[in-house]
Amino acid sequence: MKISEKGKSVIRWTSCLGLLAVVVIYGMRAEGVTGPWTEPENKRPDMITIDAMKVFGDLERPGVIFLHDRHTEALSSKGQDCSACHLKETDTRGQERLSIKYKRLKDTNRNEVMSIYHNNCIQCHTEVASEGEKSGPLVCGECHQEKPDIVSSGQPMGMDKSLHFRHVKAHENKCEQCHHEYDEKSKTLIYAKGREGTCRYCHMEETQENRISMRNASHISCVDCHLKTKAKELPSGPVNCQGCHDLSAREKIEVVKDIPRMERGQPDIVFVKREQPDPYTDPEFKKEISENLMDQVPFSHVAHENANDTCRVCHHAGMDSCVTCHSLKGSKEGNFVRLETSMHQIDSQMSCLGCHETMKEDKNCSGCHEFMPSGLKTKDPSTCVSCHMKPLAEIPDSVQPLVLAENVTNNEPVENGSVHMSDPLAKMLLESRVPITATYDEEDIPEKVIIKKLSKKYEPTELPHRKIVNTLMKNIQDSKITQYYHQDPGTLCQGCHHNSPVSKKPPSCESCHGAAFEGGYPYKPGLMAAYHNQCMGCHDRMGIEKPATNDCTGCHKEKKK
Amino acid sequence: MSDTTAHVGSPRYSAFNVIAGIILALGLVVTVLRFSGGLSSVTNLDDYNPWGIWIGFDLMVGVALAAGGYVTSAAVYIFGMKKFHSAVRPAVLTGFLGYTLVVIALHYDVGRPWRLPYPFIMQQGTTSLLFEVAACVALYLTVLFLEFSPAALEWLGLERARNWAVKLTLVLTIFGVILSTLHQSSLGALFLIAPSKLHPLWYSPFIPLYFFVSSVIAGLSMVICESSMSYKYFKDKMDDTHMKEKESVTLGFGKAASLVLAGYFVIKVIGIASDNNWSLLATGYGAWYLVELLGFVALPCFLYAVGVREKNITLIKWTAAWTVLGIVVNRLNVSWIAFNYHLPSSERYFPHIAEIVISIFLVTVGILIFRYIVTRMPILYEDPDYPQH
Amino acid sequence: MKTRIIRSTDQMEKTMEIHTLHDFFSHTKGIIYILIIAILIGMTVFWKFLTGGDED
Amino acid sequence: MSISRRQFLGWLGAAGTAGAGAAVGKKAHAAASKRFEGYPDSDGVLFDSTRCIGCRKCEEGCQKVNELPEPDRPFDDLTVLEIKRRTRAGVYTVVNKYDTGENGKGTVFRKIQCNHCLEPACASACFVAAFTKTPTGAVTYDESVCVGCRYCMIACPFEIPTYEYDQPLTPKIEKCTMCYPRITQGLLPGCVEICPVEALSFGKRKDLLREARDRIQKHPKRYVDHIYGEKEMGGTNWLYLSGVEFEKMGMREDLGTTSAPELTHGALSIVPMVVGLWPVLLTGVYAINKRKEKINREEKERAVAEALGKANAEAQAKLSQTMEKAENDKKTEIDTAVKKALEEAAKKESDDKETS
């Protein structure tokens with residue numbers, strides 16, 4: 001069929017416009033069509049994204065989702081071990097270990113590394129598949145997934161006190177087997193006694209200069225050591241992903257309860273240190289700022305050691321004392337967070353107040369503390385003295401303040417088995433406090449309170465007042481921190497009898513709470529809401545399920561007609 | 001009504017008449033149900049979906065497709081395209097009937113139809129775009145009535161009144177364009193108030209502009225469709241001028257439609273860019289949006305162009321029909337498919353069979369009235385007593 | 001007499017003061033709609049006046 | 001009598017007021033700045049979801065004070081909380097339960113009712129101005145003018161207004177009125193009054209905002225740092241506090257802060273511009289075309305005239321030519337005839353001579 005001149009022109013125009021359309025649509029797509037992504041249901045602790053090629057620039061395809069444990073299991077079922085994938089290398093101490101890289105020791109160049117992965121992965125998958133077994137993917141897109149249908153549930157792992165103790169025991173107190181630091185002169189890793197810190201102080205999230213990332217460091221050291229120990233048929237730590245990174249598997253790790261303190265020359269009871277020379281006592285500085293500083297805080301390091309799992313909880317960037325970075329005026333090392341702020345920051349787990357605030361969320365505490373405003377600003381300033389204690393009126397002459405500062409800041413190694421030092425003044429201050437282990441006497445606590453005012457519909461409510469007090473008291477009896485901070489037998493009563501001074505006979509609820517929104521004033525709950533919120537809120541926080549919050553007759557007996 | 005058609009060539013019991021009769025009967029039944037049992041008895045409307053196809057199709061589509069009236073009269077009387085003169089009266093008639101049916105449809109949809117004049121006589125909700133739509137539709141209906149009146153007056157033989165009405169042509173045409181610009185765009189602007197309910201691909205600050213420009217497209221395409229339908233069914237009613245001009249109308253309007261579609265396509269794409277909605281194109285709604293944009297805007301634009309270049313009347317006619325369908329799709333997308341996109345499917349709306357019956361009923365009524373008028377009044381031919389020029 | 005008038009204006013200002021954008025628009029758009037009608041009629045008359053001098 | 005300048009200015013102002021007053025009868029006081037903060041002392045309700053226990057008492061209170069129909073299931077049947085409900089005809093408010101899966105804050109309740117926007121979308125959308133934002137903060141509805149177009153339901157971002165779909169001829173919109181009749185008498189809204197835990201607090205909106213901020217500050221861990229309704233859609237008189245993301249309680253957080261009048265203002269303000277400019281444009285185009293036509297016509301006429309003139313001249317010329325020719329012919333004829341006659345006469349004379 002012959003195409004007319006007209007037809008030809010139409011075809012020409014069609015193709016031009018078509019081309020334009022294709023270009024435009026492709027351009028739109030390239031603009032970045034990333035639809036909403038929902039988290040896949042499928043979670044595994046051993047999911048790794050292989051993106052080793054990143055060191056050579058942008059990835060051409062999305063990284064590969066790799067399930068490490070699944071490969072380990074598959075290989076071991078065929079009698080193969082880690083060496084099937086990981087080559088042997090020699091570490092700086094001349095010892096042999098497994099490289100964490102796949103089938104190579106170095107990232108040489110893009111093509112080479114890529115072919116190492118492609119050739120070996122695909123070859124193995126093909127072999128397994130040819131044996132008629134279930135095998136990994138062979139098609140590009142099945143490994144390189146833009147939107148993987150699996151998500152990592154792996155949790156970061158860390159060493160707590162118990163784990164540390166077990167390692168210390170297993171290594172027979174040879175700290176140098178793990179703790180090291182980099183010596184600039186000899187350019188080697190050396191062990192410095194008394195300067196041990198946590199791994200994370202040096203090994204950061206990402207590899208920096210001659211410090212490998214925490215992730216690499218822990219996998220090279222921990223897993224390699226566990227493997228070697230296992231090879232010796234000795235009890236060893238986990239060698240697969242889930243052993244450390246899966247929450248439920250981690251729960252199975254043995255926890256040692258009574259652990260002797262770590263030996264690193266840390267103090268027992270001291271004052272929270274200020275820098276030397278103290279800028280506030282510096283004559284130059286004195287002119288600017290009033291001499292009336294807050295009283296120093298006596299701090300029981302040993303009590304906090306016992307209460308916490310790791311040193312990292314407080315010592316988040318180094319084993320030095322807080323003031324090293326958080327000086328009174330703030331310094332660059334401490335990100336200009338002043339000492340004051342660093343201790344009082346309510347939203348930080350590393351600050352005193354932040355951590356103590358979290359402790360109030362405990363079931364036994366939150367029933368009362370839930371209703372109390374949190375944070376420094378809204379707090380009653382009289383509570384400052386519970387930490388910033390007034391100096392004792394009489395100090396025996398024999399007591400000399402300990403000049404501890406030099407001992408710690410100059411990092412002198414402390415001999416093994418040394419006595420932990422205490423500042424006698426601080427110790428005296430803390431010991432001067434009487435722990436509160438009881439509230440008022442039984443007969444002073446009303447046994448029952450009858451609440452008649454709430455409703456016309458129900459019988460009066462009997463509040464088992466004494467029973468409640470006793471239960472609350474029993475719950476906190478063993479808590480040292482409670483005993484320390486509840487400074488009066490009546491402190492406990494303040495949980496309900498709030499916003500009035502501590503007293504054996506606190507004012508009744510009606511003295512403050514009246515009708516709801518009196519005079520259009522929305523700031524204070526009415527009596528009914530005050531009762532309901534207090535009772536239900538406390539029950540809810542303390543996990544008391546009966547009576548249910550919306551079951552009226554659980555507390556109020558139906559009125560007989 | 002059927003007896004009147006008998007003498008114009010179609011038998012009393014033709015298939016069309018029988019089907020139309022059935023539809024009318026069904027429509028009357030639903031009408032009774034609607035006004036005795038309330039909306040819930042005949043519609044699937046609920047509190048999440050207060051507007052169904054009676055608004056989405058009957059009002060939105062109806063008004064858009066009735067745009068031929070102002071488009072054609074503006075082309076002829078204002079832009080001086082005298083050669084399209086024969087298309088004016090059919091277009092104005094289509095427009096007039098379209099708007100009449102829209103108003104009738106509203107009587108079904110609103111709760112208290114007798115209160116429809118309330119916005120003008122009781123309280124003016126001047127901040128409402130619906131007030132603006134209502135005012136313009138009411139005024140434009142009057143304008144269309146006056147524009148159409150010469151044909152009726154010629155038929156009735158009222159010469160003086162007819163001459164007086166003809167004198168108003170220019171004023172009416174200008175009023176028509178103003179009012180149409182306003183309410184066509186405002187129908188889109190109705191949705192400006194609900195950015196959280198209309199899918200972002202369809203919601204745009206430019207939506208009034210989209211509605212206005214697409215109404216021009218709808219008007220042009222409807223004139224082409226309507227003229228080809230008239231030619232098919234009322235050939236015997238057409239005079240020589242109409243026959244002669246028919247082809248040039250189709251070609252001219254096809255060319256115009258192609259051009260406006262191109263502009264429409266461009267502003268739609270700019271709309272996506274200005275809201276940075278590119279990523280949404282990769283979603284399910286995005287695919288449907290692309291169907292609308294490429295299939296019902298870009299494609300007819302191109303086909304019109306080919307048809308005009310090749311003087312392929314058949315292609316233009318089919319493209320016109322496709323474009324009209326595209327307008328239907330667009331209006332339904334905005335008012336129904338992309339509306340309430342955030343709701344779970346269980347809360348979404350799907351029309352009740354009775355709603356569809358009423359919509360078809362009204363379209364049928366429109367066609368019947370059109371037939372009634374065309375077979376009597378000088379629409380497709382010039383009254384020899386009243387030569388236009 | 002005079003003072004009373006002033007007070008009533010004050011009261012009016014107080015009660016008629018517009019507090020919401022919606023009320024403000026109701027007010028302005030109301031005026032504008034009246035203007036629109038005036039414009040439509042005025043424009044027609046003005047066009048007649050403007051073209052009155054033309055011969056046809 | 002001299003007129004002081006102040007008096008003169010006063011008159012100007014009065015004239016201005018009268019002018020505007022004649023049109024609508026309101027004085028646009030703050031027109032210059034176009035910033036409106038809402039009625040300064042309007043009332044509101046603060047809903048604190050961390051206090052709500054899901055007892056449905058508010059539903060009961062609402063039904064009682066508004067004399068609404070009895071519920072399908074009694075108010076003490078808490079199993080209805082398992083279903084997601086919404087406001088509907090005869091039900092101004094509902095409480096829904098949401099499982100958020102968050103630690104310690106697992107199950108939360110949320111009360112749904114009209115939020116009484118500072119700039120109500122329903123009022124903005126209504127073409128008979130049936131909705132009023134009252135100085136108390138309550139948005140009220142006037143049934144007596146409602147046409148039943150349901151545009152308010154389209155407009156409401158919170159999906160609150162409901163419609164009596166089963167009423168054939170007298171359907172109306174129904175929604176919470178913040179108990180307008182009660183609050184104007186100094187009473188509390190039905191739901192607030194009955195709430196046993198003061199999950200609902202009633203007061204001036206500004207006081208409630210202060211109270212809400214205070215609660216957030218005092219209990220930073222209990223609340224998310226957001227007061228829903230402070231800014232949403234231009235702000236609402238009903239405010240919300242929550243311990244979980246509002247999204248998890250089925251409240252949309254993507255509504256933005258633009259109020260309904262702002263959303264539609266652009267489109268509405270173009271209306272008068274179109275009315276003002278379209279006639280100019282269109283009559284302009286018309287005039288241009290007419291002029292073009294006129295020029296065309298004149299040119300045509302001239303051409304016709306010219307052609308006609310030429311044709312005339314030609315015809316004239318032809319005529320005269322023909323005439324001339326005819327004359328010549330005649331002349332020749334006569335001449336010939338005369339000649340012939342003379343010749344004949346001469347011949348006859350000579351013939352006569354010869355014979356004689």
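**Chains B and C, the nonpolar cores, and two positive phi values**

Across the interface of chain B and chain C there are 0 salt bridges, a salt bridge being a side-chain nitrogen of Lys or Arg within 4 Å of a carboxyl oxygen of Asp or Glu. Before I go on, this is a predicted model, in which local features need pLDDT of at least 70 and side-chain atom pairs count only at pLDDT 80 or more, while totals for chains, interfaces and linings use all residues. Residues are numbered from 1 along each chain as its sequence is written, chains are lettered from A in the order in which they are written, and side-chain values use heavy atoms, without hydrogens and water.

Back to the interface. The rule does find 2 residue pairs in polar contact, both at pLDDT 80 or more; a polar contact is a pair of N or O atoms within 3.5 Å, where within protein one must be able to donate a hydrogen and the other to accept it, and residues adjacent in sequence count only if both atoms are side-chain atoms. On the chain B side, helix 8 (129-156) and helix 10 (169-189) each supply at least two of the residues that touch chain C. Helices here are DSSP runs of H or I, at least four residues, and strands are runs of E, at least two, numbered from the N terminus. Helix 10 of chain B has the largest share of that side, 4 residues.

Next, the cores. A nonpolar core is a set of buried Ala, Val, Leu, Ile, Met, Phe, Trp, Tyr and Cys residues joined through side-chain atoms within 4.5 Å; buried means under 20% relative accessible area, exposed over 50%, and partly exposed in between, with a 1.4 Å probe and protein chains only. The largest core has 206 residues, and those touching the most other members include Phe148(B), Ile379(B) and Trp238(D). Helix 8 of chain B gives the most to this core, 14 residues. A second, separate core of 11 residues includes Tyr440(A) and Cys493(A).

Last, backbone angles. Most residues other than glycine have a negative phi. Glu233(A), not a glycine, has a positive phi of about 60°. Glu233(A) sits in the loop between helix 6 (214-231) and helix 7 (241-245) of chain A, and counts as exposed because its relative accessibility is 73%. Cys179(D) also has a positive phi, near 50°, and lies in the loop between strand 7 (173-174) and helix 5 (180-183) of chain D. Cys179(D) has 7% relative accessibility, so it counts as buried.
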